[in-house]
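Morning, everyone. I'll keep this short, so grab a coffee and have a look at the screen with me.

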Amino acid sequence: MDSETASAATKHIQRLERLLEINRSLSASLELEPFLHSLISAATELTGCELASILELDEGGEELRFLALPWFHQEPLKMVKVPLQNSVAGWVLQNGQPAVIQDVAADPRHFKDVDQASGFGTRSIMAVPIIYQGETLGVLEVVNKTEQAHYTEEDLTILASLASQAAIALQNNHLMIKVQQSVDQRTELDRMKSDFIAIASHELRTPLGLILGHATFLREAIQPDQRAQMDIIVRSAMRLKEIIDSIANMDNVQRGMASVRAHSISIKRVVEEVLDSFQLEVKAKRLSLRTDTGQEDLLVEGDPAKIAIALSNMVKNAVTFTNPGGHIFISAESIPGYVKVSVIDDGIGIPPKDLPHIFERFYQVESHLTRKHGGMGLGLSVSKVMVELHGGRIWAESVEGKGSNFTFLLPTNSGQAGTPSRVFIS
Ligand code: ADP
């Protein structure tokens, strides 16, 4: 090997090493703009040119605009549009092929307005398409090979390699813009939904309160033989109130508006109060209701109203899904670090395929047996968020045809209470 060939080989290896080094540092960069600027600097350096730029199709798809330029060209060229016809970049974009023009004066494709705007004199251009999965996203070009030299095959390979890096960056950026747009859309939809729920539940609550108040008053005033009808009105209005409360509770939690006003509460008291509110239904269905809350007072740091909502949704289900004459057992006990509350029934049970889903919003077990019970499929999802707001856990075990066991744990350690970040809404 003569000394000239040896020095060319060394230079070639040095350029490849430099390209590798640049590729490595480029792949570490995340922001699009600094990335593209490093890329055009690398293109200038590695091809031995005076400057480089990146162009992309503008929104209308009719013209190209500069996406990355050396700083001294940014001001004059930021508004310049390059047409698809009669420009080298336009030709490269439309044909998806590189163009190597050693003398632009002799090539009709050169678009002279850019030089006029920047005051720069272009002598030669090498441009490659930026292609991602068959789609041409833009063009990377270098101009004026120094010392009037000609572009080489190696220059073209290096530029194409840099263009493939640019392609990934541009594609990632397009994806990020799309993701951001759908996040924005979702946020807007969530806001509209929350506004709607807040307005609707507020507007519904007032007339409903009046219906309930007057119906309860009339129930006492009318003849006993008409009371059954009035009971239906009161019960239905109560049901509507529960639905509105459930939706509003769920929405509050989702918006992060729910907070736990924690103080020391007795779980025994909560159990007693919840059970009191079910006496009529239990009697009407001739259910046997047994409780065991032990001897000691079971104290947790929490919000009694929210724990009562969680428990009463579970008891309501036990009453609803247990056949007349059936049994319900409610227990509360202390285990290390927690108070454990269980609602056990020997009702219809839950099929194994449905069990993993019953805490999801609006989930109901589809079956001719349960369809007649109504409900919205919100009760257990509300219980779950109420328990998780306290840093607790809730789960269910069930055997179809035999009964169900719903349990929740609440931490007794006050430090764990009120951690809304642990609320998972499915
Ligand atoms: P809903 O308000 O409609 O009762 P929930 O979220 O409280 O909704 O419960 C979801 C579904 O889980 C119910 O529709 C029912 O099919 C089932 N389920 C809940 N609790 C029980 C239970 N104790 N026994 C049998 N099925 C139950």
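Let's start out in a loop. E147 sits in the stretch between strand 6 (135–145) and helix 6 (153–221). One caveat before going on: what you see is a predicted model. Is E147 buried or exposed? Its relative accessibility is 77%, so E147 counts as exposed; the cut-off for that word is over 50%. If you look for E50, that residue is 97 residues away from E147 along the chain, yet their C-alpha atoms are separated by 10.0 Å.

Staying with loops, there are a couple of backbone angles to show you. As background, most residues other than glycine have a negative phi. Now look at Q133, which lies in the loop between strand 5 (125–132) and strand 6. Q133 isn't a glycine, and its phi is positive, near 45°. With a relative accessibility of 71%, Q133 counts as exposed too.

R286 gives us another case. You'll find R286 in the loop that links helix 9 (279–284) and strand 8 (288–292). Again we have a residue other than glycine with a positive phi, here near 55°. R286 has 60% relative accessibility, so this residue also goes down as exposed.

Okay, on to the sheet. There's an open sheet of six strands, and reading across, the order is 3-2-1-6-5-4, with antiparallel pairing. Which strands stand at the edges? Those are strand 3 (81–83) and strand 4 (99–101); each has a single partner strand, so one side of each has no neighbour in the sheet. On average, neighbouring strands here are turned by 30° against each other, ignoring direction.

Let me zoom in on one of those edges. Strand 3 pairs with strand 2 (residues 63–68) in the antiparallel sense, over three bridges. If you want a spot to click on, R65 has K81 in strand 3 as its bridge partner.

Next, a hairpin further along. Strand 12 and strand 13 make it, with three residues between them. In that turn, G401 has a positive phi of about 85°. The two strands run antiparallel and are joined by seven bridges. R393, for instance, has L409 in strand 13 as its bridge partner.

Strand 12 (residues 393–399) is a nice one to rotate on screen. In general, side chains in a regular strand alternate between the two faces of the sheet. Here I394, A396 and S398 point to one face and are buried. R393, W395, E397 and V399 point to the other face and are not buried.

Last stop, the ligand. Strand 13 (403–411) comes back here: along with helix 12 (379–389), it supplies at least two residues of the shell around the ligand, and so does the helix. There are 18 residues around the ligand, and N317, D345, Q364, G377 and L380 come nearest. By class, the shell has nine nonpolar, eight polar and one charged residues.

What about polar atoms? D345 places a polar side-chain atom 2.9 Å from a nitrogen atom of the ligand. S404 also has a polar side-chain atom by a ligand nitrogen, at 3.4 Å. From G377, a backbone N or O atom lies 2.7 Å from an oxygen atom of the ligand. How much of the ligand does the protein bury? On its own the ligand exposes 540 Å², and 97% of that is buried by the protein.

That's my tour. Questions?

Methods. Residues numbered from 1 in each chain as written. Predicted model: local features only at pLDDT ≥ 70, side-chain atom pairs only at ≥ 80, totals over all residues. Heavy atoms only, no water. Near = heavy atom within 4 Å. Polar contact = N/O pair within 3.5 Å; in protein donor to acceptor, adjacent residues only side chain to side chain. Areas by Shrake-Rupley, 256 points an atom, 1.4 Å probe, with all protein chains shown as cover. Helix = DSSP H or I, 4+ residues; strand = E, 2+ residues; numbered from the N terminus. Nonpolar A, V, L, I, M, F, W, Y, C, P; charged D, E, K, R; others polar. Buried < 20%, exposed > 50% of the residue type's maximum accessible area, 1.4 Å probe, protein only. Pairing = 2+ DSSP bridges. Axes fitted to C-alpha atoms, helices over the stretch in contact; angles between N-to-C directions.
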